[in-house]
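Visitor: Could you take me on a close look at the cysteines and how they are paired or left unpaired? I would enjoy a walk through that one part.

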Amino acid sequence: MVRWIFLALAAVAVSAFAEPVELQMPNKVVAKAEYRAGEAGKPTVLLMHGFLQTHEFPTIQRLADGLASAGYSVLAPTLTLGVTHRKQSLACEAIHTHTIGDGAKEIAQWVNWLKARNASSIVLVGHSFGSVETLVYMSAQRDPLVRKLIGVSAVEGRLKVDGAQREKVIEELRALVKKGDKKLFTQAFSFCPKYLATPQSMLSHLEWTPERILKTASHLPIPVVFIMGSKDDRIGVNWIDQLRKSRLKVRVIEGANHFMDGDFEFDLLDNVLLELKSL
Amino acid sequence: MNSLSIGRLSLIFVLTAGLLVIGLGGYFWHEISRATESLGVSEHESARQEVAQALQTTVQHMRESGQALANWDETRQQLVFPEYYALWRDNRVRDANMMPRSVLAVALYDKSGSILAKQEGAPALPDRLPGKAPLSIYLSVAGQHQVDYYIPVHADAGAGILLGYLGLKFDLLNELKRAHSFRYADLSGLVVRLPGNSRIDIENSLAHMRFGVLKNTNQVAFQRLFQDALLRLTLAVLVSLLFAAWLLRNFLVRPLHNFSNEINAMRTVSANLPHGLIFKTPLHITELESVRQAFSDYQERLAALHESLAQNSRDFFDQARRDALTGVYNRRAYDEDWHSLGEDRRLTNVALLLFDCDHFKAINDTYGHSVGDAVIRAIATSLQAALRGGDKLYRLGGDEFSTVLVDADPLHAEAIAERCLDHLTAHDFRQYGMSEPATISIGVAYSQAGELSLSELQKRADLAMYAAKRPDSPKMVIYSEGMGELTALVANQSINAVFQAIRDPGLLEMTYQAVMHLPLVQKEYVEALTRIRFNGELIRPDAIFPIVQARKLDSEFDLAVIRAIARDMANGFLPPGQGVSINLSAPSIVNAKVVDAMLELVRVQSVHPGGRKIVVEITETALITQMELASANIGQLRAAGALVALDDFGSGYSSLRYLATMPVDLVKFDISMLRLLENGDPRQKLILEEIAQMVLTAGYELVAEGIETRAQLDKIIGMGFTHAQGFYFGKPGEEIEPLGHS
C-alpha cells in the first residue's frame, strides 16, 4: 500500500514536470509530445502510443509516469496522422490518409530531437500497434542510439477476416494504389468497425502482417522484447506462441489484458524497468 | 314635490338596480379586459426577454459549437490537407456529430479568407469570408432566418497559429427553439426588419425583431372563465331582479295600488261604494294582509253604514215627498213628478184631476183645527182608496189635492173622479162632530192624443176646478172645449192680470167705499177695494181673490195693494186727511214684508201734515196659524197709530174666539150676520143683538157692512153700531169726498 501511495504521489510530482513539446515535421505538420526529463546516464525511453491514439492514452501515461519516477527520461510523442497539432484520438471514421511509414518518419524526427537533447541511449517502447510503428522505424531508419525495442501488447493491423480474404483485400489495395486511385473506402480494421482510409493508407498497415513483424523483429540488430498480457483479446489466438517460436524474448504478464490496466500496469512497469536495467 | 306611485317607485328601484348591476358587470368586464390587456403587455415584455435570453443562449451555443469544431483535429486536418475537404464537409462533420442540427452548412476558409471548396446548392456559405472573424451575420434567405458565424481556426489554442477560418450557417429559428422552450414568444411569424440591405450582428438583432406572443391558454381560459362567470352572475342578478320585480309587483305594488284605487274610489262622491271584490283574496304579505283585513272590515262597516245612510236617505226622500198630515204625496213630490214627466212633453191618455174641499175655512172655524185636520185626512183616505193602485195622490196645500192618471181615457178619468166623489160621500163625517158632510169639487182635464202638455193640462184643470167652484155647478167638471173658450179667456186674463198686478201695482185700480160714522151718518174713512185694469177690461174682486187664494199669492197681492194705496195717497186721489181702511189677508199679517210696508205707510201718514186715519182690516182670521206673531204684528201696527179691525166677524172665518186673543179696535160684523136681523128668528136676532152689545161693552167699535136700506141703517144704529158701510151710502168708487161730507 505504501508503495502505491508513494508511486501515486511521485506520479503527480513527475507529471507536473511533464514538458509539452511540439515538433514541426518535414511536411510542415506540427506534432505534439510530452517530455519528462530523467536522470543523466540513464537511457531515454521513447513511448509510442497505439493505433489512432495519442500520448495521453492511459497506458502510455501511466508507463511514462512510472519510468520517469524511476529516473528515466521519457518522451511520449503523438503521431500527427496528418493532423497538425493533433491532440485527440483520431476517430475511426475520420479521413485517414496517413501511412505507417509516415509514422516511422515522425519517430525518426523525435529520435533526432532526443539526440539534440543529448540522449545517451534510447529505448523504444511501443504499445499495441505503436510497437509495429517502432519496428517499422527500426527497419527503415535505424539510429545507433536506439539500443532496445520493447513491444507491449504488440499486435498487427488486423482485418476481421480470415487470412485468405485478407490477402485478397491486400491485393485489391495494391491494385488501387498502383492505379493511383485515392478514393476513400471503408473497411472493418483493427478495433474500428468502419475505418475510412485511402487505399495507400490502408495498404501500408495491412502489409505489416504478423509474419512480417516476426521476421523483421527477429532480424533487428538490437534486442527486441515483447511484453504481452495473457488475457489480451486484441491479438491473435496464437500470437504469443508465434512470438515465442520466433525466439524473440517474450514476457507474459498473467492475467493482464491488452491495455495492462489495473494492477497490471505495475507489472508492466516492473517488466519494462527490468528490461531497461538489463540494457 | 309630486308624490310617486309605488308602482313607479318600484319600477325606478328595479331599473336603478338593474342599471347598477349592468354597470357593475360592465365595470368588472372592463377591469378583466384591462387586466388581460396588462397581462398581454407583460407577456409581450416576457416574450421579448425570452427571445433576448434565447438569442443570448443561441449566440453562446454558436460560439461553443463553432469553437468545438474549430478545435477539432479533423478541422485542422482539412485546413492542412484539404484533399478530402468536400467529403469532410458534406459527410464527416455531420457523421461525427460535431455540428448542431440547426447548422445548415459548414465551410472552411484558408487564411486569406477563400473558401476551400465552393459549395453547390443551398444553403451555402459565401466563397469569401465576409469580414473579420469572429463574426456573426444575420441573413434572411428565401424567408428563412439564417445566421452565418465565422470563427478563426488556430493550430493550437496557445500557439496562435492561424490555419484558416471556419464558417457555420445556422437556422436561427431552430437554434432559438433549441435554445429555449418558448412560453410567451411566438416565433412562427418572426420578422427581422433591416434598413436597406444592411447586415447586423446577430447579437444586436433583437431590436429589429418582430414576433408575436403566444396565446396564454390559461390566461384566455381564466379570462373566459371570469367573463363567463361575470356574465352568468349578471344574468342571474338581472333574472333575480326581474323575479323580485314580479314579487314586488304581485305581492306589494298591486295590493297597494288596489288599496289606493279603493281609497280614491271612496273619495269620489259618485263611486259605488264599496265593491271590495279585490280584497276578498288573502294577500301573501303579513302586514298587507293585516291591512287588507282591517280595510275589508272597514269597508264592510262602511258598506253597512252606507246602506243605512242610503236607507235613511230614501226614507228622508220619501218623507220629504210625503205630506205629514195625510201620508199622501205633497206639493214637492207633485212638482218633481211633474218635472220628471216633462212640462213640454205632449201627453197621450193622461188626465189631471184637481180636488178642492168646499168651505174648508168654515169647517175649520166652526169645528176647530183638529176637526179640519181630520176632514183633510178623511178626504185623502177616500181619494186614495178611489184611485187605482199605481195612481199617486198629491196634497198640493191646505185642502187642495190632485192626481195624474196615466193611461186613462176621458171616460176612465171621469169614472175615477166620480168614484172619488162617491167614496167621499160614503164617508161618515159625523164621527168628527160635524153636522153636515164635507164636500169636494173636482176639476178634470185630459190629453187624449198628444195635443196638450202638462202645463196646458194644468191650466185646463184649473179652469175646470174654477167652473166647479162656481155656484150651482156640478161637483165634478170635466174641461170641455165648448165651455172652455170664454171661461178660459176670462180665467186666463184674470190669472195673468193678478200676476201682472203683483209685478206692476199700477194695474191696480183702487176704489174706495165710504164707512160712515153713526149715528150721525157721517163719512169717517173709506175702505179700499181692489180691481185690476188689464187689457182694457176691469177685473173685479170676485174674480181676483179666488185666483189669489188658489195661487197662494195673498201676501204678494196685499203688498201690491198697499203700494197702490200709497200711490193714490201720493197723487192726491185719496185727499189728504182722508182715512182709509186696508184689507190684509191672514198670511199677510204674519208676513214681515207686508207688515213692514204697512208700518211704513202708517208712519208716513202719521207725520204727514193733517195726517189720516189708517185702519187695517184683518180678513180670514181663522186662517191665521201663527197667532202669537200675528198678535205681535198687530200690536206694532197699533203702536204706530193704525187702528185694527177684525173683518167678517160672525162668518166662518172669524168668531168671538179671536177677540180674546187679538188686540183689535174695531169689529166688523159679517154681512151674513146682519141678514139675520132681517131674516132670522127672534132668538137669532136676540143673540145678534147681545153679541153686538157685548162687543160694544168690551170697548170695541162696531162696524156693519152691507147696509143697503134705511131700515137696516136704523136697526144697526139702534143696536149701537158705531160705523156702517154699504150701497145705501153709495157704490164703491162713485165718489171720494172730503171729510165731513156724506
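Guide: Happy to; here is a tour of the cysteines, with a short stop at the chain interface at the end. Please keep in mind that this is a predicted model.

Over all chains, the structure holds one disulfide. The partners are A:Cys92 and A:Cys192, with a sulfur-to-sulfur distance of 1.9 Å. The angle about the S-S bond is -70°, making this link left-handed. A:Cys92 sits in the loop between strand 4 (73–77) and helix 3 (100–116) of chain A, while A:Cys192 belongs to strand 8 (residues 192–197) of that chain, so the bond ties together parts that are 100 residues apart in sequence. Both A:Cys92 and A:Cys192 are buried.

Now over to chain B, where B:Cys357 takes part in no disulfide. The nearest cysteine sulfur to B:Cys357 is that of B:Cys420, 14 Å away. Because a disulfide here needs sulfur atoms within 2.5 Å, that separation is too far for a bond. B:Cys357 counts as buried, at 2% relative accessibility, and B:Cys420 is buried too, with a relative accessible area of 0%.

As for the interface, 23 residues of chain A are in contact with 19 residues of chain B. Together the two chains bury about 1,600 Å², with 56% of that on carbon and sulfur atoms. One salt bridge is found across this interface: B:Glu83 pairs with A:Lys182, their closest N and O atoms lying 3.8 Å apart. On the side of chain A that touches chain B there are nine nonpolar, seven polar and seven charged residues.

Conventions. Residues numbered from 1 in each chain as written. Chains lettered and ligands numbered in written order. Predicted model: local features only at pLDDT ≥ 70, side-chain atom pairs only at ≥ 80, totals over all residues. Heavy atoms only, no water. Contact = heavy atoms within 4.5 Å. Buried area = accessible area lost by both parts, 1.4 Å probe. Salt bridge = Lys/Arg side-chain N within 4 Å of Asp/Glu carboxyl O. Nonpolar A, V, L, I, M, F, W, Y, C, P; charged D, E, K, R; others polar. Helix = DSSP H or I, 4+ residues; strand = E, 2+ residues; numbered from the N terminus. Buried < 20%, exposed > 50% of the residue type's maximum accessible area, 1.4 Å probe, protein only.
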